[in-house]
Amino acid sequence: MDPSSIKEGKPTKMKKRKRFTLPRRGEEGKPTKMIKIEGLEICVKAADGAHDFLGDCPFSQWVMLTLKEKKVPYKTHLINLSEKPQWLLEVNPEGKPLIKIDDKWIADSDVIVGILEEKYPEPPLTPPPEFASVGSKIFISFVEFVKSKDPSDGTEQALLGELKALDEHLKAHGPYIAGKKITSVDLSVAPKLFHLEVALGHFKKWTVPESFTHFHSYTKLLFARESFVKTKPAKEHVVAGWAPKVNEA
């Protein structure tokens, strides 16, 4: 299943992709002849209770966003995490996002994105080192808050602090974290901010303060990108994915 064909609430047929053709570049960057390469394959979480639909893993979406932004074709395998196939357990016992490149299965979104950047350098997505960790604490703060049952435990304030820091950074450097061009740090943060918006809105009736104007402009920009629209899970599947975590906390 190709996430580019996924539409919220509508089933999508599986499509087979055997080979993809890319131009070989000469010394001056001009196409010289056509070569055939094997298409990439990626294993991602299927939606809880709806295994024919894309699931809610933000780390898998980061990988798919990277592929979409680099316009690299790929084939998607939706994996029911409650009934993982034996072959998957053998190559990936930890259940992390998995991609097949050059007939080798590779796990861990950080590792995968790094390899994709080396193998497909255009467009470059590596952020400047000084911006690489911007927004990195938002997701864990969100997780602690969405699972919290104590309004006075400080988790809401901690999340607000991280969001305010991002808002101030965007005010100084935006529209994206590293300036005018999107980078991998934006692609990593975007799915997590989508989860934050959906899960907190559903479980706590909570929204990010309107006073964080640069933050809201940023998420609007991210969520409207074609790569995001074509790889995002349906909101109901995000809710279904977080429900066990929230209810068991």
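## Exercises on a predicted model

At 21% relative accessibility, D108 counts as partly exposed, because that class lies between buried (under 20% relative accessible area) and exposed (over 50%), with a 1.4 Å probe and protein chains only. This is a predicted model, in which local features need pLDDT of at least 70, side-chain atom pairs count only at pLDDT 80 or more, and totals for chains, interfaces and linings use all residues. Residues are numbered from 1 along each chain as its sequence is written, and side-chain values use heavy atoms, with hydrogens and water left out.

**Exercise 1.** Find where D108 and D103 sit, and state the phi of each.

*Solution.* Start with D108: its place is the loop between β7 and α3, and its phi is near 85 degrees. Helices (H or I, at least four residues) and strands (E, at least two) are DSSP runs, numbered from the N terminus. Next, take D103, in the loop between β6 (98-101) and β7 (104-107); phi here is near 65 degrees. D103 counts as exposed, at 66% relative accessibility. Finally, recall the background: most residues other than glycine have a negative phi.

**Exercise 2.** Decide whether helix α4 is enclosed or open, and name what covers its buried residues.

*Solution.* First, look at residues 138-147: seven of the ten are buried, so α4 is largely enclosed by the rest of the structure. Then list the buried ones: I138, F139, S141, F142, V143, F145 and V146. Last, look for the cover, which includes α1 (58-69), α5 (155-173), α6 (184-203) and α9 (235-248).

**Exercise 3.** Describe how α1 and α6 cross, then place P58 in the picture.

*Solution.* Begin with the axes, lines fitted to C-alpha atoms over the stretch in contact, with angles from 0 to 180 degrees between N-to-C directions. Those of α1 and α6 come within 9 Å and cross at roughly 135 degrees. That makes α1 oblique to α6, since angles under 35 degrees count as roughly parallel, over 145 as roughly antiparallel, 65 to 115 as roughly perpendicular and the rest as oblique. Now turn to P58, which lies in α1 and is buried, at 7% relative accessibility. Leaving aside residues up to four places away in sequence, P58 touches F139, P191, K192 and H195 (contact means heavy atoms within 4.5 Å).

**Exercise 4.** Locate the cis peptide bonds before P123 and P175.

*Solution.* One joins E122 and P123, with omega about -10 degrees; P123 is in the loop between α3 (109-119) and α4. Another joins G174 and P175, with omega about 15 degrees, and P175 is in the loop between α5 and α6.
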